[in-house]
Amino acid sequence: DSEELVKAIASKLAAATVSTVKFVTGGMAGVQEVFAKHCGDGTRIWNLLPIGQSSGYGRGTDINAGADLDERKAIFGMLGDIYITVEGGPGVAQEARAAHARGVA
């Protein structure tokens, strides 16, 4: 089950990485919310959302970028050094293509 997998990944990444490592979600319900709620105390979580939106997670810090979801996805693809995906559809594929285009694993 994806939820249990994400809980385990979040917990282990939080424990195995130094405090300067940050984790960014797209601020959406589902596995992203599960990750945010199970990744340590939430202080290293950043939820990237379009301007005017919030995650409602109660965990991590919401930050706004992009006027709409398409712009937010493009920005998300420019942020990370490593991306981990569980589930997802065309939007996740768009983010992955943007990251891959700049040489990210």
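Q: Before we start, what does "buried" mean here?
A: A residue is buried if its relative accessible area is under 20%, and exposed if that's over 50%. Keep in mind that this is a predicted model.

Q: Cool. Which residues of helix 4 are buried?
A: Gly91, Glu95 and Ala99.

Q: Why are those three on the same side of helix 4?
A: The arc they cover around the axis is only 75 degrees, so they end up on the same side of helix 4. In general, an α-helix has 3.6 residues a turn, so residues three or four places apart point the same way.

Q: What covers them?
A: Helix 3 (69-76) is included in what covers the buried residues of helix 4.

Q: And which exposed residues sit on the face turned away?
A: That face of helix 4 carries Pro90, Arg97, His100 and Ala101.

Q: How far apart are the end C-alpha atoms of helix 4?
A: They're 16 Å apart. Helix 4 has twelve residues (90-101), and at 1.5 Å a residue it should span 16 Å, so the two agree.

Q: What happens just after helix 4?
A: Gly103 takes a positive phi there, about 90 degrees.

Q: New topic: the sheet. How are the strands ordered?
A: It's an open sheet of three strands, in the order 1-2-3, with parallel pairing. Strand 1 (23-25) and strand 3 (61-64) are the edge strands, each pairing on one side only.

Q: How many bridges join strand 1 to strand 2?
A: Three, with strand 2 being residues 45-49. Val24 stands opposite Trp46 in strand 2.

Q: Which helix packs on the sheet?
A: Helix 2 (residues 31-38), which touches strand 1 and strand 2. Its direction makes about 150 degrees with that of strand 1.

Note on methods
Residues numbered from 1 in each chain as written. Predicted model: local features only at pLDDT ≥ 70, side-chain atom pairs only at ≥ 80, totals over all residues. Heavy atoms only, no water. Helix = DSSP H or I, 4+ residues; strand = E, 2+ residues; numbered from the N terminus. Expected span 1.5 Å × (residues − 1). Buried < 20%, exposed > 50% of the residue type's maximum accessible area, 1.4 Å probe, protein only. Arc of directions from axis to C-beta. Contact = heavy atoms within 4.5 Å. Pairing = 2+ DSSP bridges. Axes fitted to C-alpha atoms, helices over the stretch in contact; angles between N-to-C directions.
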